[in-house]
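Let us read a fold together, one feature at a time. A learner asks and a teacher answers.

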Amino acid sequence: MLFLWLYMFYSCAGSCAGLTIRGSPAPSRAAPPLLPGEPGEESSLEEQRAAPDAGSPISSFFNGSGTKRLPQAIIIGVKKGGTRALLEFLRVHPDVRAVGAEPHFFDRNYERGLAWYRDLMPKTLEGQITMEKTPSYFVTKEAPARISSMSKGTKLIVVVRDPVTRAISDYTQTLSKKPDIPTFESLTFKNRTTGLIDTSWSAIQIGIYAKHLENWLLHFPIGQILFVSGERLISDPAGELGRVQDFLGLKRIITDKHFYFNKTKGFPCLKKAEGSSKPHCLGKTKGRTHPDIDQEVVQRLRDFYRPFNMKFYQMTGQDFGWD
């Protein structure tokens with residue numbers, strides 16, 4: 001009777017989280033609620049662990065039968081590339097369960113052990129994928145070996161963006177928290193007169209993608225890493241999500257019908273987030289207006305990054321069109 005009631009309830013509600021053909025419970029199609037948080041501003045791990053893994057009534061019913069598993073896929077980078085958008089878009093998929101906060105296990109919390117890491121993960125049913133995202137992994141020297149040690153079969157996703165634009169976005173985020181920091185121009189150069197770029201500044205260093213990728217290829221084959229274009233994630237979110245779903249071995253459920261373009265924010269938003277009947281856009285910290293940067297400095301940065309970009313294109317087999 002209980003299953004009959006659930007079937008009738010979801011038939012009326014238009015949900016597809018009903019019963020399987022053989023009458024056994026289908027995997028829950030509810031993703032966890034969209035928790036607050038993003039790079040540098042994520043919710044605390046304590047809040048994440050205390051938060052209920054809520055969703056639709058049927059996911060609540062099956063919640064007790066799920067199992068916490070180590071992630072089979074990880075979004076490893078890059079900061080200010082679009083990782084938060086990608087994760088929230090993916091969480092619409094009924095077969096993806098992900099941690100909302102960034103665990104920072106493989107860079108900051110590795111000494112806590114895999115049991116601690118697993119306990120952070122949401123419960124999943126058979127056939128569902130457990131995911132997390134921590135953009136700083138991509139530039140952490142120890143992360144590739146540590147993830148490989150956990151599982152050599154882990155699928156890795158890197159969201160990349162024009163390194164010059166990414167650096168300015170990175171600086172803009174820091175500026176919003178520390179208004180008294182030096183100008184972007186002064187931080188860019190070791191010596192502006194000679195034009196020597198300061199590669200020790202993290203905003204610049206993160207964008208040397210080819211250098212960081214070399215470290216990952218010592219532990220993972222290139223085919224096990226998917227590179228998502230941050231620019232196309234804005235211009236064609238459904239297209240990029242299609243590639244991601246294929247890479248993860250998921251049915252293409254997230255399509256154009258899930259998105260609308262918010263002209264005010266300047267990026268796509270979800271027409272309806274999972275567990276809600278309302279549209280959902282990323283928070284106010286996304287889409288900040290960048291400060292005006294001296295165009296001579298921008299051009300010098302483009303010249304600096306060009307050879308690294310070319311090498312990255314060759315390594316990945318993709319031309320991201322940043323030049």
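**Reading the model, feature by feature**

Q: Where does Val78 lie?

A: Val78 sits in the loop between S2 and H4. Keep in mind that this is a predicted model.

Q: What is cis in this loop, and how should I read it?

A: Start with the general idea. Most peptide bonds are trans, and most residues other than glycine have a negative phi. Here the peptide bond from Gly77 to Val78 is cis, with omega near -5°.

Q: Which phi value does Lys80 have, and is Lys80 buried or exposed?

A: Lys80 has a positive phi of about 60°, although it is not a glycine. Lys80 also lies in the loop between S2 and H4. Its relative accessibility is 9%, so Lys80 counts as buried; the cut-off for buried is under 20%.

Q: What is the phi of His104, and where does His104 lie?

A: His104 is not a glycine either, and its phi is positive, near 50°. His104 belongs to the loop between S3 and H5. With a relative accessible area of 6%, His104 is buried.

Q: Now the secondary structure. How many helices and strands does the chain have?

A: The chain has 13 helices and eleven strands.

Q: How do I read a sheet, and in what order do the strands come here?

A: The general idea is pairing. Strands of a sheet pair through backbone hydrogen bonds, either parallel or antiparallel. In this model, five strands form an open sheet in the order S3-S5-S2-S6-S9, and the pairing is parallel. Strand S3 (96-98) and S9 are at the edges; each has a single partner strand, so one side of each lacks a neighbour in the sheet. From one strand to the next, the twist averages 25°.

Q: How many bridges join S6 to S9, and which residues stand opposite each other?

A: Five bridges join S6 to S9, and the two run parallel. Val159 stands opposite Val228 in S9. Val160 stands opposite Ser229 in S9.

Q: S9 is at an edge of the sheet. Is S9 enclosed or not, and why?

A: Count its buried residues. Five of the five residues of S9 are buried, so S9 is largely enclosed by the rest of the structure.

Q: Which way do the side chains of S9 point?

A: First the rule. In a regular strand the side chains alternate between the two faces of the sheet. In S9, Ile225, Phe227 and Ser229 point one way. Leu226 and Val228 point the other way. All of these residues are buried.

Q: Take one residue of S9. What is Ser229 in contact with?

A: Leave aside its neighbours within four places in sequence. Ser229 is then in contact with Val160, Glu240 and Phe320. At 1% relative accessibility, Ser229 counts as buried. The C-alpha atoms of Ser229 and Val158 are separated by 8.6 Å, though these residues are 71 residues apart along the chain.

Q: How do I read helix packing, and what is the case for H4 and H12?

A: Two packed helices are described by the angle between their axes and the distance between the axes. The axes of helix H4 (residues 83-90) and helix H12 (residues 237-247) come within 11 Å and cross at roughly 75°. H4 and H12 are therefore roughly perpendicular to each other.

Q: Which residues meet between H4 and H12?

A: H4 brings Leu86, Phe89 and Leu90. They meet Pro237, Leu241 and Val244 in H12.

Q: Next, the interior. How many residues has the largest nonpolar core, and which have the most contacts inside it?

A: The largest nonpolar core has 30 residues. Those with the most contacts inside it are Ile76, Phe106, Tyr137, Ile147, Trp216 and Phe312. Elements that each supply at least two residues include strand S2 (73-77), helix H6 (143-150), helix H10 (209-216) and helix H13 (295-316). H10 gives the most to this core, with four residues.

Q: What surrounds Phe106?

A: Again set sequence neighbours within four places aside. The contacts of Phe106 include Ile74, Tyr117, Tyr137, Ile147 and Met150. Glu132 and Arg146 are also among them.

Q: What does a second core include?

A: A second, separate core has 26 residues, including Leu87, Phe89, Val159 and Leu270.

Q: Finally, the whole chain. What share is buried, and how much area is exposed?

A: Of the 323 residues, 49% count as buried. The chain exposes about 15300 Å², and carbon and sulfur atoms supply 54% of that area.

Terms used:
Residues are numbered from 1 along each chain as its sequence is written. This is a predicted model: local features need pLDDT of at least 70, side-chain atom pairs count only at pLDDT 80 or more; totals for chains, interfaces and linings use all residues. Side-chain values use heavy atoms; hydrogens and water are left out. A nonpolar core is a set of buried Ala, Val, Leu, Ile, Met, Phe, Trp, Tyr and Cys residues joined through side-chain atoms within 4.5 Å. Buried means under 20% relative accessible area, exposed over 50%, partly exposed in between (1.4 Å probe, protein chains only). Contact means heavy atoms within 4.5 Å. Accessible areas come from the Shrake-Rupley method with a 1.4 Å probe; for residues, only the protein chains shown count as cover. Two strands pair if DSSP finds at least two bridges between them. Axes are lines fitted to C-alpha atoms, for helices over the stretch in contact, and angles run from 0 to 180 degrees between N-to-C directions. Angles under 35 degrees count as roughly parallel, over 145 as roughly antiparallel, 65 to 115 as roughly perpendicular and the rest as oblique.
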